[in-house]
Amino acid sequence: MNLGNGEKNLFFSKNQENKYYIENYDVNAGGKNNYVYALGEYIPEGSLVLDLCCAQGRFGPKLKEKKCRAVGIDIDRTALEMAKEKGYYEKLYCYDVTNFDAPELREIEEYYQRFDVILMSDILEHFANPTDVLVKYAKLLKEDGKILVSVPNVAHEDIIFHLIDGYFNYNDMGILDNTHLKFFTKTSFAQWIELINESDLDVYFDCEYIGGTHWQSEYIGLVMSQKEAFYDLLTEPEVGNVMQLLFELKKVKNRFEVEKLTELLKTGKSKIEKVDSYLSSNKSKIDKLNRCLEDYMESDREKEEKIGELNRCLEGYMESDREKEEKIGELNRCLEGYMESDREKEEKIGELNRCLEGYMESDREKEEKIGELNRCLEGYMESNREKEEKIGELNHCLEGYIESDRAKEEKLDELNRCLETYIANDKNKEERYRELSVSLEKSIVKEKEQVSKIIQLYEEIEHYKKSNEKANQLINEKEEKINILQTKIFKMESSFWGKISKKLRK
């Protein structure tokens with residue numbers, strides 16, 4: 001969270017309701033760097049405490065720990081409801097603490113009369129006239145009572161270094177909270193208390209600085225790493241990064257019993273004196289550096305004159321160089337023109353070479369294909385010669401089968417004549433002979449059918465002889481069929497002659 005100079009100047013905020021509320025606030029977190037914890041250490045045990053502008057009651061747990069009776073005041077009713085729920089306060093009043101005629105204030109004066117401790121934590125900077133508030137409520141203290149105060153430190157190094165760069169940007173929260181009306185430093189706060197003591201306001205304080213809470217911004221970390229000497233010159237190690245200044249204001253009888261305030265007002269050297277002392281202690285070094293600087297400047301003037309002469313010479317050379325460059329440019333353009341035409345010629349020659357290579361490649365492919373076709377043709381011619389030889393063999397076989405069939409027909413005729421003789425001699429055997437005749441006729445029909453099939457096969461062979469691609473397969477198939485038919489014919493002949501021999505025996 002940025003608690004210093006804002007990135008942008010947030011001079012006002014749209015939503016101010018409960019912006020200081022922190023849920024589950026831990027009073028012990030951070031130890032002495034927590035303003036609630038640090039101020040709480042200065043509250044005597046068993047005290048009667050008035051918590052001015054108590055908000056949600058951050059001091060409540062510390063007051064309970066110290067066994068204190070606590071009374072709280074705030075103008076924010078919602079915040080007081082939160083404080084009431086926690087149960088740390090004996091009584092809570094809702095009114096504006098700058099309204100000194102409020103009946104709640106009269107009730108507090110009458111009922112509680114005097115307090116041991118009054119807490120004014122981060123509230124004085126919000127008032128247009130914090131003096132009136134401090135003086136009025138100081139009168140509610142016992143004679144030796146005290147006010148514990150925390151105020152933001154406008155002399156924080158983050159604010160100083162941003163001011164050097166010209167920035168004084170308000171923020172939603174922190175040192176430059178946009179609801180702050182007054183600003184304090186350690187010294188200016190002490191001088192304010194001194195002014196109250198000298199103004200005869202019927203109240204006097206001794207003021208002791210009891211420490212502060214520390215916070216360093218990313219911007220300051222960058223300054224420390226890059227501008228260490230400058231940082232050391234403008235800051236004080238003890239209070240440079242103090243965000244909240246913590247004071248104990250002890251009520252005294254007169255303005256002379258202010259030893260701690262007097263000591264606090266005895267400030268050391270101011271930052272301006274510190275810078276002046278630094279410059280004085282280094283005056284001789286600075287004078288020497290100045291003399292060296294003058295010598296360097298004198299030599300620099302001489303160098304500048306020589307550089308001027310050299311520049312003029314250089315300009316003359318550059319002018320002639322420009323003319324040369326122009327001529328060279330013209331020559332380059334001519335050369336580029338020649339090169340361009342050469343490139344075009346080379347590209348055309350390349351294209352012609354590629355075309356020629358393409359033609360030669362296609363010629364080689366054609367020659368290879370012609371060679372393959374010749375080899376295939378020779379193969380076909382060779383296979384055709386073999387097929388013609390086989391067909392010749394098959395023709396011889398068919399002629400042999402036809403010749404044997406004619407012999408068989410002649411034998412059948414003889415058998416028919418014999419059968420007629422048997423029929424004439426033996427009428428009782430007519431039926432059997434008729435059956436045999438029928439079977440013989442069927443056999444003859446089958447044989448004729450087979451002969452016709454053989455003739456058909458022969459014709460098919462003659463037909464397929466013309467087809468070179470399927471000839472081998474068809475011839476093989478036909479040879480297988482002829483073999484099958486020969487086997488069947490042989491079986492039928494055997495069966496036929498067997499039956500004839502049986503009939504003859506009978």
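**Exercise 1. Determine which residues make the nonpolar surface patch of about 320 Å², and place Met-318 within the fold.**

Solution.
Step 1. The structure is a predicted model, in which local features need pLDDT of at least 70 and side-chain atom pairs count only at pLDDT 80 or more, while totals for chains, interfaces and linings use all residues. Residues are numbered from 1 along each chain as its sequence is written, and side-chain values use heavy atoms, with hydrogens and water left out.

Step 2. Patches consist of residues with over 30% relative accessible area and no salt bridge; nonpolar side chains (Val, Leu, Ile, Met, Phe, Trp, Tyr) are joined within 5 Å, and like charges within 9 Å. Accessible areas come from the Shrake-Rupley method with a 1.4 Å probe, and for residues only the protein chains shown count as cover.

Step 3. Leu-314, Tyr-317 and Met-318 make the nonpolar patch, of about 320 Å².

Step 4. Met-318 belongs to helix 12, residues 283–425. Helices are DSSP runs (H or I, at least four residues), as are strands (E, at least two), and both are numbered from the N terminus.

Step 5. The relative accessible area of Met-318 is 38%, so Met-318 is partly exposed. Under the convention used, buried means under 20% relative accessible area, exposed means over 50%, and partly exposed lies in between (1.4 Å probe, protein chains only).

**Exercise 2. Identify the residues of the positive and negative surface patches, and state which helices supply the positive one.**

Solution.
Step 1. Lys and Arg count as positive and Asp and Glu as negative, whereas His and the chain ends are not counted. The place of a charge is taken as NZ of Lys, CZ of Arg, CG of Asp or CD of Glu.

Step 2. Lys-442, Lys-446, Lys-499 and Lys-502 form a positive patch. At least two of its residues come from each of helix 13 (430–464) and helix 14 (471–505).

Step 3. Lys-442 is part of helix 13. With a relative accessible area of 54%, Lys-442 is exposed.

Step 4. The patch of negative charge gathers Asp-300, Glu-302, Glu-304, Glu-305 and Glu-309. Glu-309 is located in helix 12 and, at 48% relative accessibility, counts as partly exposed.

**Exercise 3. State how many salt bridges the whole structure holds, and analyse the pairs Arg-69 with Glu-90, Glu-319 with Arg-322, and Arg-343 with Glu-340.**

Solution.
Step 1. The criterion is a side-chain nitrogen of Lys or Arg within 4 Å of a carboxyl oxygen of Asp or Glu. A search of the whole structure yields nine salt bridges.

Step 2. Arg-69 and Glu-90 are joined by a salt bridge at 2.8 Å, N to O. Arg-69 lies in strand 2 (residues 69–74) and Glu-90 in the loop between helix 3 (77–86) and strand 3 (91–94), so the pair ties together parts that are 21 residues apart in sequence. Arg-69 is partly exposed at 39% relative accessible area, and Glu-90 is partly exposed at 40%.

Step 3. Glu-319 and Arg-322 form a salt bridge at 2.4 Å, N to O. These two residues are three apart in helix 12, so about one helical turn separates them. Glu-319 is partly exposed, at 39%, and Arg-322 is also partly exposed, at 39%.

Step 4. In the salt bridge of Arg-343 with Glu-340, the closest N and O atoms are 2.8 Å apart. Arg-343 and Glu-340 are likewise three residues apart in helix 12, a separation of about one helical turn. An α-helix has 3.6 residues a turn, so residues three or four places apart point the same way.

Step 5. A network of salt bridges links Glu-41, Lys-62 and Glu-65.

**Exercise 4. Report how many disulfides the structure holds, and describe the surroundings of Cys-53.**

Solution.
Step 1. A disulfide is a pair of cysteine sulfur atoms within 2.5 Å. The structure holds zero disulfides.

Step 2. Cys-53 is in no disulfide, and the nearest cysteine sulfur, that of Cys-54, is 8.0 Å away.

Step 3. Cys-53 is partly exposed, with a relative accessible area of 24%, whereas Cys-207 is buried at 0%.

**Exercise 5. List the buried residues of helix 6, and name the residue with positive phi that follows this helix.**

Solution.
Step 1. Helix 6 spans residues 157–164, and its buried residues are Glu-157, Asp-158, Ile-159, Phe-161 and His-162.

Step 2. Gly-166 follows helix 6 and has a positive phi, near 90°.
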